[in-house]
Amino acid sequence: MTDPALADTIATVESEGRAALEAAADPDQLRSAEAAVLGKRSPLARLHRRLGELDPAERRHMGAAINSSRERLVALAGERRQTLEEAARRARAEAERLDLTEAALQGVAHRGHLHLVTQVRDELEDTFVAMGFSVAEGPEAETDWYNFEALNMPPHHPARGMWDTLYLRLGDPETVLLRTHTSPVQIRLMQAQPPPIYAVMPGRCYRRDTPDARHLAVFHQIEGLVVDRDITFGDLAGTIEAFTTAFFGPGIHSRLRPSFFPFTEPSAEFEVTCPICSGGGCRTCSGSGWIELGGCGMVDPNVFHAVGIDPEAYRGFAFGFGIDRLAQVRTGLADMRTLLDNDMRFLGQF
Ligand code: FA5
């Protein structure tokens with residue numbers, strides 16, 4: 001015998017459960033509805049617990065009815081989950097959709113342009129080409145020989161410490177490194193062609209420098225090399241002066257200060273008036289009123305020996321300027337690190 005009241009109750013519980021599952025509007029709500037409709041404290045579970053009060057035949061019958069109800073509700077919950085998850089996925093994709101046409105129509109998308117450092121590099125190349133130089137490039141991963149030894153810095157030379165860098169596991173330990181300056185390209189160029197040489201060599205360099213207002217760990221230099229007969233220090237000073245005027249205009253003054261580089265003799269540091277404080281002294285120029293742009297000097301005879309050029313027949317000068325530093329000075333940028341922030345409000349100005 002079936003208890004009609006219990007059968008009705010099962011039907012009511014099932015239809016209420018169905019309504020609750022169908023009312024769930026997203027996967028989270030469905031999870032709560034499932035717990036309420038099918039969980040341990042659900043009306044269906046309570047009905048199941050009442051089966052013990054029935055006689056065996058009725059218990060079997062009602063048990064089967066409750067199980068069928070539960071199966072239908074479980075199937076419905078599964079269908080709802082699929083539908084709701086699909087809808088949620090579509091909503092997410094819609095929200096994340098990037099329609100560049102729409103952005104362009106609304107004037108939101110801006111046409112990109114070259115980074116300030118790239119613009120300055122291009123301009124430097126143009127300036128030097130106009131002065132009669134050609135442009136060359138070299139690899140960023142260099143051997144110890146090109147980066148140090150051929151530049152008159154044998155192993156354990158103390159000057160190597162100034163250019164501490166990152167070594168690569170591409171051969172014997174400490175033989176391949178990320179170049180610390182563009183000077184190794186001088187060596188490659190002198191090996192590749194006989195004098196006369198009038199060339200500039202721009203490129204990326206790496207050092208274990210802690211970034212600050214005037215330093216980055218990855219930065220750019222432009223190297224210059226002139227090798228010809230009868231080249232003097234006067235030619236070097238004149239070239240740097242001509243470059244300063246062409247690149248900065250009349251407001252910025254330059255000076256050469258005696259210095260030391262193992263690959264040039266004599267050597268000098270090329271400095272210009274700090275544009276932030278106009279020479280008065282500030283944080284950017286460490287209070288000196290001058291900003292160092294690079295090093296220069298007459299090519300050391302040992303460098304000529306390393307590449308097989310006769311130092312009695314030829315003389316030359318070389319220089320290496322920081323491109324990021326030139327960009328910093330020309331735009332009056334207090335902190336070089338802003339070049340790497342990728343803040344469009346900053347980069348968009350140039
Ligand atoms: C050199 O690298 C020499 N190779 C330059 C040279 C070439 C001298 C040819 C003589 C003949 P120095 O370490 O001073 O020298 O670096 C040259 C310039 O690179 C610096 O004046 C600066 O403008 C730039 N520079 C150096 N280190 C950094 C850095 N960490 N971040 C940004 N710019 C840097």
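1. In this predicted model, three strands make up an open sheet whose order is E2-E4-E3, and the pairing within that sheet is antiparallel. Its edges are formed by strand E2 (141-143) and by E3, each of which pairs on one side only. Between E2 and strand E4 (residues 176-178), which run antiparallel, there are three bridges, and one residue pair that can be looked up in the model is Glu142 with its bridge partner Leu177 in E4.

2. A second open sheet is built from seven strands, arranged in the order E1-E5-E6-E10-E9-E8-E7, and here the pairing is mixed. The edge positions belong to strand E1 (134-135) and strand E7 (254-261), each pairing on one side only. As a reminder for reading both sheets, the strands of a sheet pair through backbone hydrogen bonds, in either a parallel or an antiparallel sense.

3. Within the seven-stranded sheet, two pairings can be followed residue by residue. Strand E5 (residues 197-206) pairs with E6 in the antiparallel sense over ten bridges, and Tyr198 has Val226, in E6, as its bridge partner. E7 pairs with strand E8 (residues 264-273), also in the antiparallel sense, over seven bridges; Arg257 has Glu269, in E8, as its bridge partner. The connection from E7 to E8 is a hairpin that passes through two residues.

4. The ligand deserves a separate look, and it is found in the largest pocket. The elements that each contribute two or more residues to the shell around the ligand are helix H8 (183-192), strand E6 (218-228), strand E9 (290-299) and strand E10 (315-322). Of these, E9 supplies the largest share, namely five residues. The strands E6, E9 and E10 named here also belong to the seven-stranded sheet described above.

5. How many residues surround the ligand, and which are the closest? The count is 26, and the closest are His181, Arg207, Asp209, Leu216 and Glu292. Sorted by class, the shell consists of ten nonpolar, ten polar and six charged residues.

6. Three side chains can be singled out for their polar atoms next to the ligand. A polar side-chain atom of Asp209 is placed 2.7 Å from a nitrogen atom of the ligand, and Asp209 is also one of the closest residues in the shell. A side-chain N or O atom of Ser183 lies 2.9 Å from a ligand nitrogen atom, while the side chain of Gln221 has an N or O atom 3.0 Å from an oxygen atom of the ligand. Taken alone, the ligand would expose 670 Å², of which the protein buries 96%.

7. Two peptide bonds that precede a proline call for inspection, since a reader may wish to check them in the model. The bond from Pro195 to Pro196 is cis, with omega near 5 degrees, and Pro196 lies in the loop between H8 and E5. The bond from Glu265 to Pro266 is likewise cis, with omega near -5 degrees, but Pro266 is found in strand E8, which is the strand that pairs with E7.

8. Two residues also have backbone angles worth listing. Asn152 is not a glycine, yet has a positive phi of about 70 degrees; Asn152 is located in the loop between helix H7 (144-147) and strand E3 (167-168), the latter being an edge strand of the three-stranded sheet. Asn342, again a residue other than glycine, has a positive phi near 55 degrees, and its place is in the loop between helix H11 (323-331) and helix H12 (344-347).

Definitions and conventions:
Residues are numbered from 1 along each chain as its sequence is written. This is a predicted model: local features need pLDDT of at least 70, side-chain atom pairs count only at pLDDT 80 or more; totals for chains, interfaces and linings use all residues. Side-chain values use heavy atoms; hydrogens and water are left out. A residue is near a molecule or strand if one of its heavy atoms lies within 4 Å of it. A polar contact is a pair of N or O atoms within 3.5 Å; within protein, one must be able to donate a hydrogen and the other to accept it, and residues adjacent in sequence count only if both atoms are side-chain atoms. Accessible areas come from the Shrake-Rupley method with a 1.4 Å probe; for residues, only the protein chains shown count as cover. On a 1 Å grid over the protein atoms alone, a cavity is a set of points where a 1.4 Å probe fits but cannot get out, and a pocket is an open set with protein on both sides within 12 Å along at least five of seven lines; lining residues have an atom within 4 Å of a point. A molecule sits in a cavity or pocket if more than half of its atoms lie within 2 Å of its grid points. Helices (H or I, at least four residues) and strands (E, at least two) are DSSP runs, numbered from the N terminus. Ala, Val, Leu, Ile, Met, Phe, Trp, Tyr, Cys and Pro count as nonpolar, Asp, Glu, Lys and Arg as charged, and the others, Gly among them, as polar. Two strands pair if DSSP finds at least two bridges between them.
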